[in-house]
Number of protein chains: 2
Amino acid sequence: MDLRSANTPAADGTCGCAPLRQLATDGPPPGSGATAPCVACPASRHCLPAGLGDRDARCLGRLTIARRRVRKGHAIFRENEHFLFLYAVRFGIFKSTLTLDAGAEQITGFHLPGDVIGFDATPSGRHPTTARALEDAEVCVLPYGQLTDACAGQRDLLMRVLRLAGAELERDHRLLALIVHTHSEQRVAAFLVGLSDRLRERGFSPSDFLLRMTRAEIGSYLGTTLETVSRSLSAFARRGFITVHRREIHLVNIEALRAEFEAKDV
Amino acid sequence: MDLRSANTPAADGTCGCAPLRQLATDGPPPGSGATAPCVACPASRHCLPAGLGDRDARCLGRLTIARRRVRKGHAIFRENEHFLFLYAVRFGIFKSTLTLDAGAEQITGFHLPGDVIGFDATPSGRHPTTARALEDAEVCVLPYGQLTDACAGQRDLLMRVLRLAGAELERDHRLLALIVHTHSEQRVAAFLVGLSDRLRERGFSPSDFLLRMTRAEIGSYLGTTLETVSRSLSAFARRGFITVHRREIHLVNIEALRAEFEAKDV
DNA sequence: CGCGGCGTTGAACCCACTCAAGAGCTGTGG
DNA sequence: CCACAGCTCTTGAGTGGGTTCAACGCCGCG
């Protein structure tokens, strides 16, 4: 998923975003807010402000929302860190990971531009997962306290926030069902089709993209091993459904892939 | 998990709840509200009102919250139904299920008293899952629109609602990690210990309970088969960790069970 | 150039699934 | 009251998909 290729509004280095007026260091974001950070954001159509009326949008604009650059491999927050902010992805891809007692890492989700990360920290006040950039990326830093205050006045905004949390729940449930009820090759097919769908929704090419994650990361997410992911991709290529060259993916026959995991029994 | 046994406040047929003033038929709930339905509810300590200040609690009390009896095996809502209400469990156990394309049923969660069900319906306005009672049960019917209105005034209440949604997210992530990274026997151990913990939190006996779900349902939840669940339980019994007689479970050595799934490698 | 990370492919093993049979409990209807 | 049907649970045996272990090629980078 090379988010800077394909039919994006702008394919230059800034990813179509407005020039950064204020920039975050790697520490906590500065207090001064960027005014209306959403207007020029290519991800806004799938983010918090999507579909909000003027009043709610203005309300959102009053929050002190900072932007923060995140370099590839760096974390925006780590497990057990104090929860203060939600983060909206402007560009780049993130992974959420959970460290098990055994020390192994489980990927619980991949986050594309427009996704809001961090809802699972609301119960405990600490982040139960680590969010790490798979490529150079940028996020909006949403102060949770201010956001709930803002919601208090604006019902639509509140419902929008709840919807974002609910959407993640829904995705988790489907992922769970997928992992439990399908063979590993079907999961890889579902992963490719799901990714393609999400990219199309965001205005990227649904058939040509660059994976930003390793085979091991895909395997972790899908509950299988890197070898099995690799074998599955090779099998699809052999059958003519896709072409693969390292991270470059081209979906030749999406419908065949879709049929692959919708098949009743295999 | 016989929720009426053990150290519950009241062990009579009403489960310690206040007598039902108004009772639901199987259809949608009546509009007239029960005043302060929480005060006498044994689940309130782990439900929405937990930890709320007076003002927020009074605010919650102004909602028209109906109670609804649900007979064993009946659904409070079904997949694809219109989303109007969240449901708080007063007593009884529920399962949430997802029907896959293949027609198979995947259990995504078990809900104990105090849990609030239905957050995953917020994105689409329709319920993506079915919620079904595993025993005769009762829920509070929370009108979603009224609830968001109420939240708009009361920040603590809003945060409480978000916390409930976040908690479900967190549980899902842990379940996912569990299913992917452990052997089936470890999952069954984790299931027993997790259930025990949740029961203790709610004031029930953590070591003696009656499972309200079948082996097949446990298997669906844990991503394994009913035979494997049965074999695991037998194995634990053989090793002296538990005793089992059909649905009656007695945990003899909880620490041994806990060690079972915390083991680094097996 | 050489090293390290990533990806591919092969071979062997094993855990859990599938299939099957039987026992125990529950509810129902004659 | 008993017979029977249906469901749940247990246990056994065989099989296979996917994991593990291993070797090698490719690519980027210092």
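Hi everyone. Let's start with the two protein chains: chain A can be laid on chain B by a turn of 180 degrees and a shift of 0.0 Å along the axis, with an RMSD of 0.0 Å. The two copies are therefore related as by a two-fold rotation axis. Before I go on, please keep in mind that this is a predicted model.

Where does chain A come closest to that axis? Look for Ala152(A), whose C-alpha is 1.9 Å from the rotation axis. And how do the copies meet? They meet through the same surface, because 100% of the interface residues of chain A are also interface residues in chain B.

Now let me introduce chain A as a whole. Its secondary structure comes to 7 helices and 11 strands. Chain A has 266 residues, and 54% of them are buried. Here is something about how the chain folds back on itself. Take the contacts in chain A with a separation of 6 or more: 74% of them are between residues 24 or more positions apart.

Let's zoom in on one pair of strands. Strand 4 of chain A covers residues 94–99, and strand 5 of chain A covers residues 105–111. The two pair in the antiparallel sense, over 6 bridges. If you would like one bridge to find on your screen, go to Ser96(A), whose partner in strand 5 is Gly109(A). Is strand 5 mostly covered or mostly open? Mostly covered: 6 of its 7 residues are buried.

Next, two residues in chain B that I'd like you to meet. The first is Leu164(B), which sits in helix 3, residues 155–181 of chain B. Leu164(B) has a relative accessible area of 15%, so it counts as buried, the cut-off being under 20%. What does Leu164(B) touch, once we leave aside its neighbours within four places in sequence? It is in contact with Leu48(B), Val116(B) and Phe119(B). Leu48(B) is a nice example of how sequence and space can tell different stories. Leu164(B) and Leu48(B) are 116 residues apart in sequence, but their C-alpha atoms are 7.9 Å apart in space.

The second residue is Ser196(B), and its place is in helix 4 of chain B, residues 184–201. Is Ser196(B) buried or exposed? It counts as buried, because its relative accessibility is 1%. Its side chain reaches the backbone oxygen of Pro206(B) at 2.6 Å. Pro206(B) also appears among the contacts of Ser196(B) beyond four places in sequence, along with Phe209(B), Leu251(B) and Ile254(B).

Now for the DNA, beginning with strand C. Strand C is surrounded by 17 residues, and the closest are Ser230(A), Ser234(A), Arg247(A), Thr224(B) and Thr228(B). Of the strand C atoms that come within 4 Å of the protein, 66% belong to sugar and phosphate. Two phosphate contacts are worth finding. A polar side-chain atom of Arg247(A) lies 2.8 Å from a phosphate oxygen of DNA strand C, and an N or O atom in the side chain of Thr224(B) is 2.8 Å from a phosphate oxygen of that strand. Bases are reached too: a polar side-chain atom of Arg231(B) is 3.3 Å from a base oxygen of DNA strand C.

Which helix gives the most to the surface near strand C? That is helix 6 of chain A, with 5 residues. By class, this surface has 1 nonpolar, 9 polar and 7 charged residues.

Over to DNA strand D. There are 17 residues around it, and those that come nearest are Thr228(A), Arg215(B), Ser230(B), Ser234(B) and Arg247(B). Among the strand D atoms within 4 Å of the protein, 62% are in sugar or phosphate, and the rest are in bases. Thr228(A) places a polar side-chain atom 2.4 Å from a phosphate oxygen of DNA strand D.

What about the bases of strand D? Arg231(A) has a side-chain N or O atom 3.2 Å from a base oxygen, while for Arg231(B) such an atom is 2.9 Å from a base nitrogen. Helix 6, residues 226–238, supplies at least two residues of the surface near strand D from chain A, and at least two from chain B. The largest share, 5 residues, comes from helix 6 of chain B. By class, the surface near strand D has 1 nonpolar, 9 polar and 7 charged residues.

That's my tour. Thanks for listening!

Technical notes. Residues numbered from 1 in each chain as written. Chains lettered and ligands numbered in written order. Predicted model: local features only at pLDDT ≥ 70, side-chain atom pairs only at ≥ 80, totals over all residues. Heavy atoms only, no water. Near = heavy atom within 4 Å. Polar contact = N/O pair within 3.5 Å; in protein donor to acceptor, adjacent residues only side chain to side chain. Helix = DSSP H or I, 4+ residues; strand = E, 2+ residues; numbered from the N terminus. Nonpolar A, V, L, I, M, F, W, Y, C, P; charged D, E, K, R; others polar. Least-squares fit on C-alpha atoms with pLDDT ≥ 70 in both. Contact = heavy atoms within 4.5 Å. Buried < 20%, exposed > 50% of the residue type's maximum accessible area, 1.4 Å probe, protein only. Pairing = 2+ DSSP bridges.
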